[in-house]
Amino acid sequence: KASAGIDPAHAVFLTDKLGVRFLNPSYQALSGNTNNCADLLTTTALTPDGSVYGVANSCTWSNDVFQRNPALAEATEGSFYENVGLNGPYTSSVVKSATPLRPWVAATSGYDLKHVSTRDCELSFGRNLYTYNELNKVFGSICQITGPPFCLLDAPGSGDASYRDAMKLAGSLMRGRPAQVLLSVATTGRIRVALYDVAGRKVRILTDRIFTAGEHTLQWDGTDDSGTKVARGVYFVKSSNEPDARRVVVLAP
């Protein structure tokens, strides 16, 4: 789209001022990733530690895909959508730092901030933390925010009764990197997480130990209990603190 689907003068503003080239209006259509939540992988240009967040992924939202404009050497990728399908990587934001020739700072995102949350797209405090980190990392030279982030209402403290038992998956389409098993634990206790094939045969005991109340992240690298890579196909993750199993699809052994 030579004009980015908008007034040509605005497209020039994107490239010459913000360092952004518009590639596609739909990450979901371009990648084929139809999960309701997609990983949002930031770089250290956007956040201090390159954290991973979640972004709501729907065909009714644009989730624009960008390219950085190489003509602006100070423009760099700020974040990427989850790299699924054959057309990646998918640049989701571009950061432009200030130079003597172009003395302004910009961060341009292809997603709506209200759709950003924690990696599993369940807790909204991820949006607060994302914003805090972006403001300090990108715009800290202009206006530094002091003190820790606040109003993280979805992050109860130790022993808070607002934790609930739950399990979710991030990266449930496995192609070359581990799936994330996200546990929310209401009270301290023993939890067993195991994986099964479509015939109900146990493939891997991922964990069987005491967990404290709070949130925990486990990884499955696609191997069975013997350390052998499993075949392509559908597998199910079951946690003893959650009645429903979750499906994970291994696309490459």
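1. Strands, as the word is used in this note, are DSSP runs of E that hold at least two residues, and they are numbered from the N terminus. With that numbering, β2, β9 and β16 each contribute at least two residues to the lining of the largest pocket. The model under discussion is a predicted one, and the remarks below should be read with that in mind.

2. On the overall make-up, the chain contains 3 helices and 16 strands. Of its 253 residues, 43% count as buried. Among the contacts between residues at least 6 apart in sequence, 56% join residues at least 24 apart.

3. The largest pocket encloses about 370 Å³ of space. Its lining is made up of 16 residues, and those nearest the centre of the pocket are N36, C37, K168, L169 and S172. Two of the strands that supply at least two residues each to this lining, β9 and β16, also appear in the next point, since each of them supplies at least two residues of the largest nonpolar core.

4. The largest nonpolar core has 20 residues, and within it the residues with the most contacts are V181, L183, V193, W220, V237 and V248. At least two core residues come from each of β9 (166-170), β11 (179-185), β12 (189-197), β13 (202-211), β14 (214-220), β15 (233-239) and β16 (246-250). The strand that gives the most to this core is β11, with 4 residues. Another core, of 15 residues, lies apart from the largest one and has L46, Y81, V84 and Y130 among its members.

5. V237 merits a separate look, because contact here requires heavy atoms within 4.5 Å and the list of partners is a long-range one in the sense that residues up to four places away in sequence are not counted. On that basis V237 touches M167, L169, V181, V193, A194, L195, A245, R246 and V248. Of these partners, L169 is also one of the residues nearest the centre of the largest pocket, while V181, V193 and V248 are among the residues with the most contacts inside the largest core.

6. Which strands make up the open sheet, and in what order do they lie? The sheet is formed by 5 strands in the order β10-β16-β15-β12-β13, and the pairing is mixed. The edges are taken by β10 (173-174) and β13, each of which has a single partner strand, so that one side of each is left without a neighbour in the sheet. The partner relation between β12 and β13 is antiparallel and comprises 8 bridges; within this region L195 stands opposite R204 in β13.

7. The structure holds 11 salt bridges. In one of them the side chains of R119 and D39 meet at 2.8 Å, N to O. R119 is placed in the loop between β8 (116-117) and α3 (125-139), whereas D39 belongs to strand β2 (residues 37-42), so the pair ties together parts that are 80 residues apart in sequence. Both R119 and D39 are buried. Salt bridges with shared partners also join D39, E82, R119 and R177 into one network.

8. A further salt bridge brings together the side chains of D225 and K202, at 3.0 Å from N to O. This pair links distant parts of the chain, with D225 in the loop between β14 and β15 and K202 in strand β13, 23 residues apart. D225 counts as partly exposed because its relative accessibility is 44%, and K202 falls in that class at 40%.

9. The side chains of R246 and E242 also meet in a salt bridge, at 3.8 Å from N to O, a value to be read against the 4 Å limit that defines such a bridge. Are the two residues buried or partly exposed? R246 counts as partly exposed at 23% relative accessibility, whereas E242 is buried, with a relative accessible area of 10%.

10. Two further residues deserve a remark. S26 lies in the loop between β1 (20-24) and α2 (27-31), and at 17% relative accessibility it counts as buried, the limit for that class being under 20%. Leaving aside neighbours within four places in sequence, S26 is in contact with S62, N63 and V65. V185, in strand β11, is buried with a relative accessible area of 1%; the C-alpha atoms of V185 and T212, which are 27 residues apart along the chain, are separated by 7.1 Å.

How values were computed
Residues are numbered from 1 along each chain as its sequence is written. This is a predicted model: local features need pLDDT of at least 70, side-chain atom pairs count only at pLDDT 80 or more; totals for chains, interfaces and linings use all residues. Side-chain values use heavy atoms; hydrogens and water are left out. A nonpolar core is a set of buried Ala, Val, Leu, Ile, Met, Phe, Trp, Tyr and Cys residues joined through side-chain atoms within 4.5 Å. Buried means under 20% relative accessible area, exposed over 50%, partly exposed in between (1.4 Å probe, protein chains only). Two strands pair if DSSP finds at least two bridges between them. On a 1 Å grid over the protein atoms alone, a cavity is a set of points where a 1.4 Å probe fits but cannot get out, and a pocket is an open set with protein on both sides within 12 Å along at least five of seven lines; lining residues have an atom within 4 Å of a point. Grid points are joined across faces, edges and corners, and a volume is the space filled by probe spheres set on the points.
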